[in-house]
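Here are a few short exercises to work through with the structure in view. Try each task before reading its solution.

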Amino acid sequence: MEKNIESLLDLSKSIAASLFDGLTYPWEALDGIKDFILKLGPTLPPELYDHPAEDVWIAKDAQVYPTAWITGPCIIDAGAEVRHCAFIRGSAVVGKGCVVGNSVELKNVILFDGVQVPHYNYVGDSILGHKAHMGAGSVTSNVKSDRTLVVVKDGEEHIPTGRKKFGAILGDFAEIGCNSVLNPGSIIGRHASVYPVSGVRGTVAPNCIYKNAETIVERE
């Protein structure tokens, strides 16, 4: 399975596209999210974006519920919806038309345009491609239990990331079933689906359905 940026993500569907310039793998962008927001935020047009708190920029047509908690640096793009009791811990780019739902927690993430994390999700140190969707209760696990550095594994291929914290990369239109856990370094290809209540390690190829670790089938 190809794991480079072009095979997973449509960069035209994110305000953070330039963050990926010169990189090979999408997880290489995780270290730069904070500085990227701090650089881009002050350049956003004030007629389109409010600046309600330090290092926080929110599109004027985004809907943010009064019970949501947002810590900078953060950019919430046009038409996004941040619902009741969402907790954005900083270093978060929420793309156009995204849904960040009730009791969802985000930390050091890029949500491409149209992403939905609508119910009780934790997304940390991760990148979710255009129109990816995480079912209720599904989460990214971003630290290994032994605290060693995360390695992306695909069969016999092992790619060191050099990162202690790295959750998952979801390709465009990926679908994660309810109450699933994406273990550190998981890569879900474009248009791939994961069955509910799954524990995913490694990779799921594009246009495939993950039923369990032994049963991953091509979509018909």
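**Exercise 1.** In this predicted model, decide whether Arg 83 is buried, exposed or partly exposed.

*Solution.* Begin with the relative accessibility of Arg 83, which is 25%. Buried means under 20% and exposed means over 50%, so Arg 83 counts as partly exposed. Next, look at its partner: Arg 83 forms a salt bridge with Glu 81, with the closest N and O atoms 3.1 Å apart. Glu 81 has a relative accessible area of 18% and is therefore buried.

**Exercise 2.** Find the parts of the chain that the salt bridge between Asp 31 and Arg 163 ties together.

*Solution.* Start with the contact: the closest N and O atoms of Asp 31 and Arg 163 are 2.5 Å apart. Then place each residue: Asp 31 sits in the loop between α1 and α2 (33-40), and Arg 163 in strand β16, so the bridge connects parts 132 residues apart in sequence. Now compare exposure: Asp 31 is exposed at 64% relative accessible area, while Arg 163 is buried at 9%.

**Exercise 3.** Locate Val 197 and describe its phi angle.

*Solution.* First find the loop between β21 (193-194) and β22 (199-200), where Val 197 lies. Then check the backbone: phi of Val 197 is positive, about 55°, although the residue is not a glycine. Most residues other than glycine have a negative phi. Finally, with a relative accessible area of 65%, Val 197 is exposed.

Definitions and conventions. Residues numbered from 1 in each chain as written. Predicted model: local features only at pLDDT ≥ 70, side-chain atom pairs only at ≥ 80, totals over all residues. Heavy atoms only, no water. Helix = DSSP H or I, 4+ residues; strand = E, 2+ residues; numbered from the N terminus. Buried < 20%, exposed > 50% of the residue type's maximum accessible area, 1.4 Å probe, protein only. Salt bridge = Lys/Arg side-chain N within 4 Å of Asp/Glu carboxyl O.
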